[in-house]
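Hi everyone, thanks for making time today. I'd like to walk you through a structure that may be new to you, so have a look at it while I talk.

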Amino acid sequence: AAGGGDTRAMHDLGVYYARGEGVAADDAAAFRWFRQAAEQGVVDSQYNLAVLYEDGRGVGVNEAEALFWFLTAGRAGDVHAIQRANALEARLAPMLVDQAHVRALAFRPGATRPQ
């Protein structure tokens, strides 16, 4: 279903790979599935993708990208994402914070964006 475009299945597959449930744990695979679902507007995947960027799991550490995804999830109502975004903002350069806010405001599910 995930390969066919079912966004909830993409998210669930990301969870399975992240936790190693029913499959071998694979942070890179979790990242790929969360990324696809996040781009399509799945808020839980946006949050999880931000965590992977922040922790460097399946992808290199990128706190600015983590902030973007926390802000995006926060705009959709995820309170925990807002808290995580606030903590990250305190550690990042103001220019990176501003860029993340602009990108989050412009985010539209399904639109193609560079990584």
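I'll start with the whole chain, then go to the core, and finish with one residue.

First, please keep in mind that this is a predicted model. The protein chain has 6 helices and 0 strands. Its radius of gyration is 13 Å, close to the 13 Å that the globule rule gives for 115 residues, so the chain is as compact as a globular protein of that length. Along the principal axes, the C-alpha atoms fill a box of roughly 40 × 25 × 25 Å. Of the 115 residues, 38% count as buried.

Now, the core. In soluble globular proteins, nonpolar side chains tend to be buried together. Here, the largest nonpolar core has 26 residues, and Leu-49, Leu-67, Trp-69 and Phe-70 have the most contacts inside it. At least two residues of this core come from each of α2, α3, α4, α5 and α6. Which helix gives the most to this core? That is α4, with 7 residues.

Let's look at Phe-70. Leaving aside neighbours within four places in sequence, Phe-70 is in contact with eight-odd partners you can find on screen, including Tyr-47, Val-51, Ala-85 and Leu-88. Apart from this core lies another one, of 6 residues, with Met-10 and Val-42 among them.

Last stop: Glu-63, which is found in helix α4. Is Glu-63 buried or partly exposed? Glu-63 counts as partly exposed, because its relative accessibility is 26%. Beyond its neighbours within four places in sequence, Glu-63 is in contact with Leu-88, Arg-91 and Leu-92.

How values were computed
Residues are numbered from 1 along each chain as its sequence is written. This is a predicted model: local features need pLDDT of at least 70, side-chain atom pairs count only at pLDDT 80 or more; totals for chains, interfaces and linings use all residues. Side-chain values use heavy atoms; hydrogens and water are left out. A nonpolar core is a set of buried Ala, Val, Leu, Ile, Met, Phe, Trp, Tyr and Cys residues joined through side-chain atoms within 4.5 Å. Buried means under 20% relative accessible area, exposed over 50%, partly exposed in between (1.4 Å probe, protein chains only). Helices (H or I, at least four residues) and strands (E, at least two) are DSSP runs, numbered from the N terminus. Contact means heavy atoms within 4.5 Å. The radius of gyration is taken over C-alpha atoms; the globule rule is 2.2 Å times the number of residues to the power 0.38.
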